[in-house]
Amino acid sequence: MGAAEYPGLDAWRDLPLKQQPDWRNHPDFASATAELSANPPLVFAGEVDKLKRRLAQVAKGEAFLLQGGDCAETFADVTADKISAKVKTLLQMAVVLTYGASLPVVKMGRMAGQYAKPRSSDMETRGDVTLPSFRGEIVNGFEFTPEVRIPDPKRMVQAYHKSAATLNLIRAFTEGGFADLRAVQQWNKGFMENPAHARYEQIAGEIDRAVRFMSACGVEFESLKRTEFYAAHEALLLDYERALTRIDSRTGKPYVTSGHFVWIGERTRDLDGAHVDYLSRVRNPLGVKLGPSTTPSTALELIDKLDPHREPGRLTFIVRMGTANVREKLPPLVEAVRDSGAKVVWVTDPMHGNTITAKNGYKTRRFDDVMDEVRGFFEVHQAAGTYPGGVHVEMTGDDVAECLGGSDVIDESAFDAHYASLVDPRLNHKQSLELAFLVAEELTRVT
Ligand SMILES: O=C[C@H](O)[C@H](O)COP(=O)(O)O
Ligand SMILES: C=C(OP(=O)(O)O)C(=O)O
C-alpha cells in the first residue's frame, strides 16, 4: 500500500490548519506536490528508527541531545563552506559536551529542511506598502516585492533538492573522514583568539593525546572515524510533509521522509489541529515546542495523542519559556509528566522565549538571557529529579552579529554589517561554543 491509500493520512485536511500559504489554486500546486510524491525519500525509515533508539537512551539519562542550526535555512547558503561551518560547529559543541559530561551526544542539525517559518503576522507593511510576510524560502522569497512575496508551490521542489544536496554533503562529511575524532583540533582552525576557542583547544589537545596514546598501544577505534548526524526541521508545511510521506516496506508504517526528526511549533501545537493529527500518524521521533502558556494538562494530552503507546524516544518536549518564566512555568509541566510515568525527552530551547527588538530595529537576544534560561532548565530538572536531556539552539558556524553579548562582546552597532538571518537571530560560532561549555558544566553536575 502506498501513502495515497494509507488510512487517515489525509484526516488533517478537514482540521483547523494554521500558518499555511494560500496556494491550493495556484496553477503549479498539483504538479509540484505530484513531483515531490514521486521523488525518492530524503531519509530512510531504518535511520529514523535508529534515531528513535538513540533518543530512548536520552530519555533514560544515558545520552544527551544537541540540536542546532539556522532559524531559517536559505537556498543561497547551500554551499560547501556554509554547511561545513555549521557541521564543524555542531561537532565542536558535541566534543565539549561529550568530553565534559562523559556522555554520548546525539547530534542533530536544524538542517536539510528548515525552510518553513511560522509568523506572528500574515502581512508585512513597509511605508505604505503591505505584502504577505516572508514564510521561509520553501514558500516565498525575502525580497519585499509583490512578485517575490507571492507564495509559489514550485519552491517546495526547490527546497527538496536543496535539502538533498545538504544531506548529501552532511553524509559525506560525517562518514567520509571530516568528522574523524582524530581531526578534533582541525575543527578549531581560524578561531583561536577567543577564550571559548582557547578552552576548546585545550580539550582537543587532551583528546588528541589520549587517542594517540591508545593508537600507540595498538588500539584502533573504528567508531572514532565517523559519526551519526541527524537532520531535523519544523514540520510546518503540511503539503510538503504529506507529499514526502512514504510507507516503509519493512513495517508497512508511514514515515515522514523529509528528515529524521520533525517538530511541531509553538504556534501549531493545538490538540485538535491539523499538525498534531498528522504527526500522530507517522512513525518518526517527534518534538513539540512548549512555550510559557502550556498547562500541565496540555502536556499530558499531547503525550496521549503523540505517544499513546509510551514508546521510548518517540516524543521530545522542547521547552522555550524565556528566562523570566522558566523557573516558574516549567516545574508544573515536568512534575505532571514525571508523575504520569511518561518518559519524554526534555530539551531546552533558550532562544525563542528571549527575543527582543534592539533600539536599531533588529530582532535580537541577549546571550546572558540565553545562558540563564539554560541554567534555569537544569535547576528545574534537578529539583524534580528528572533528566535535562538536551539543548536546541539557533546557531551558525559563521561570524555573524545577531545576538548581544558573549565573551567577544557584540553590541547593536555590529548588526548593520554582520546580521544575516532572515528571521530570528542566531548564536555565532564563538557564542555557540561558549554555550556548549556552560551546558557541559551543568550536565556534569547531574551525571
Ligand atoms: O522562528 C520563529 C518564528 O518564525 C519567529 O519567531 C516569528 O517571528 P515574527 O514574530 O517576526 O513573525
Ligand atoms: C518557530 C520556532 O520556534 P517556536 O515554535 O518555538 O516559536 C523555531 O524553532 O523556528
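This report walks through a predicted model, starting with its barrel and ending with what surrounds its ligands.

## The barrel

Let's begin with the strands. Eight of them close up into a barrel, in the order β1-β2-β5-β8-β9-β10-β11-β14, and the pairing is parallel. If you ignore direction, neighbouring strands in this sheet are turned against each other by 25 degrees on average.

Where does β14 meet β1? These two strands run parallel and are joined by 5 bridges. One place to look is Gln67, whose bridge partner in β14 is His392.

## Helices packed on the sheet

Now look at what sits against those strands. Helix α3 packs on the sheet and touches both β1 and β2 (105-109), with its direction at about 155 degrees to that of β1. Helix α13 also packs on the sheet, this time touching β1 and β14, and its direction makes about 170 degrees with that of β14.

## Going round from β1 to β8

Back to the strands, one pair at a time. β1 and β2 pair in the parallel sense over 5 bridges, and here you can find Phe64 opposite Val105 in β2. Next, β2 is joined to β5 by 2 bridges, again running parallel, with Met108 standing opposite Tyr230 in β5. Then 3 bridges link β5 to strand β8 (residues 261-264), also parallel; there, Ala232 faces Phe261 in β8.

How many residues of β2 are buried? The count is 5 of 5, so β2 is largely enclosed by the rest of the structure. Both of its faces are covered: Val105, Lys107 and Gly109 lie on one side, Val106 and Met108 on the other, and all are buried.

Strand β5 (residues 230-234) tells a similar story, with 5 of its 5 residues buried, so it too is largely enclosed by the rest of the structure. Tyr230, Ala232 and Glu234 point one way, while Ala231 and His233 point the other way.

## A closer look at α13

Helix α13 covers residues 429-446, which makes 18 residues. At 1.5 Å a residue it should span 26 Å, and because its end C-alpha atoms are 26 Å apart, the expectation agrees with the model.

Quite a few of its residues are buried, among them His429, Leu433, Leu435, Val439 and Leu443. The list isn't limited to greasy names: Lys430, Glu434 and Glu442 are on it as well. What covers them? The cover includes β1 (64-69), α3 (80-101), α6 (195-216), α11 (367-384) and β14 (388-394).

## Glu394, a residue to click on

Glu394 sits in strand β14. Is Glu394 buried or exposed? It counts as buried because 27 other C-beta atoms lie within 10 Å, and the cut-off for buried is 20 or more.

Leaving out residues up to four places away in sequence, Glu394 touches Asp70, Cys71, Met351, Asp424, Arg426 and Leu427. Asn428 is 34 residues away from Glu394 in sequence, yet their C-alpha atoms are 9.1 Å apart in space.

## Around the two ligands

Which residues surround ligand 1? They are Cys71, Lys117, Pro118, Arg119, Ser120, Val423 and Asp424. Sorted by class, that gives 3 nonpolar, 1 polar and 3 charged residues.

Around ligand 2 you'll find Cys71, Pro118, Glu234, Gly265, Glu266, Arg267, Lys289, Arg320 and His352. This shell divides into 2 nonpolar, 2 polar and 5 charged residues. Cys71 and Pro118 appear around ligand 1 and also around ligand 2.

Conventions:
Residues are numbered from 1 along each chain as its sequence is written. Chains are lettered from A and ligands numbered from 1 in the order in which they are written. This is a predicted model: local features need pLDDT of at least 70, side-chain atom pairs count only at pLDDT 80 or more; totals for chains, interfaces and linings use all residues. A residue is near a molecule or strand if its C-beta atom, placed from the backbone, lies within 6 Å of it. Ala, Val, Leu, Ile, Met, Phe, Trp, Tyr, Cys and Pro count as nonpolar, Asp, Glu, Lys and Arg as charged, and the others, Gly among them, as polar. Helices (H or I, at least four residues) and strands (E, at least two) are DSSP runs, numbered from the N terminus. The expected span of a helix is 1.5 Å times one less than its number of residues. A residue is buried if 20 or more other C-beta atoms lie within 10 Å of its own, exposed if 12 or fewer, and partly exposed in between; C-beta atoms are placed from the backbone. Two residues are in contact if their C-beta atoms, placed from the backbone, lie within 7 Å. Two strands pair if DSSP finds at least two bridges between them. Axes are lines fitted to C-alpha atoms, for helices over the stretch in contact, and angles run from 0 to 180 degrees between N-to-C directions.
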